[in-house]
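Q: Hi! I have a new model to look at and would like a quick tour. Could you walk me through it?

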Amino acid sequence: MKKFFTAVIFILLSLVLNAQDMKIYGYDPETKSYTCFIGVINVGEENPESIWNAGGRYGDRNSCVSIWNEKGMYGSSMSDFSPFNENAKYPPKIKDDEGTDYGYFTVDMNCRGRCDYDLLNVICKYHEKISVSLKRWHDEIFR
């Protein structure tokens with residue numbers, strides 16, 4: 001397991017250190033657009049907008065706008081709006097600070113327009129484990 005985490009750290013280090021803030025935007029059925037901000041992927045746990053901040057709005061497993069809420073609109077494996085539903089009709093999108101669209105954040109490897117970043121792939125693959133041990137995964141990736 002330690003070798004796995006070491007490999008993940010090296011793979012993700014360049015993304016974490018060199019990238020702009022990669023923001024997650026969920027689909028809003030009312031406006032029929034990707035306007036619902038649901039967190040930042042590649043910032044540390046101290047950032048209030050981070051999905052790694054368990055005490056924050058976007059990292060709290062009970063928050064309606066958290067991808068870690070297994071019963072929520074953006075975290076349920078059954079929701080059409082979740083990155084963790086392989087058949088989601090409206091998975092979240094990844095955008096940077098300037099609004100550049102990098103594609104869909106989804107476990108569906110065949111999704112046309114899928115954002116294929118290492119950090120997202122790790123989250124997609126291990127989201128169930130990550131959601132119950134956010135601090136541990138955060139520390140392995142960011143420290």
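Q: To start, what does the accessible surface of the protein come to, and what share belongs to carbon and sulfur atoms?
A: Happy to help! This is a predicted model, and its accessible surface comes to about 7,700 Å². Carbon and sulfur atoms account for 50% of that surface.

Q: And how much of the protein is buried?
A: Of the 143 residues in the protein, 53% are buried.

Q: Switching to the fold: how many helices and strands are there?
A: The protein has three helices and four strands. Along the sequence they follow the pattern α-β-β-β-β-α-α.

Q: In what order do the strands sit in the sheet?
A: The order is β2-β1-β3-β4, in an open sheet with antiparallel pairing.

Q: Which strands stand at the edges, and why is one side of each left without a neighbour?
A: Those are β2, residues 33-40, and β4, residues 101-104. Each pairs with a single partner strand, so one of its sides has no neighbour in the sheet.

Q: How many degrees are neighbouring strands turned against each other?
A: On average 35°, with direction ignored.

Q: Let's zoom in on β1 and β3. How many bridges join them?
A: Three bridges do, linking β1 (residues 23-28) with β3 (residues 93-95), and the two strands run antiparallel.

Q: Which residue in β3 stands opposite K23?
A: That would be K95.

Q: Last topic, contacts. What share join residues at least 24 apart?
A: The figure is 38%, taken among contacts between residues at least 6 apart in sequence.

Technical notes:
Residues are numbered from 1 along each chain as its sequence is written. This is a predicted model: local features need pLDDT of at least 70, side-chain atom pairs count only at pLDDT 80 or more; totals for chains, interfaces and linings use all residues. Side-chain values use heavy atoms; hydrogens and water are left out. Two strands pair if DSSP finds at least two bridges between them. Axes are lines fitted to C-alpha atoms, for helices over the stretch in contact, and angles run from 0 to 180 degrees between N-to-C directions. Buried means under 20% relative accessible area, exposed over 50%, partly exposed in between (1.4 Å probe, protein chains only). Contact means heavy atoms within 4.5 Å. Accessible areas come from the Shrake-Rupley method with a 1.4 Å probe; for residues, only the protein chains shown count as cover.
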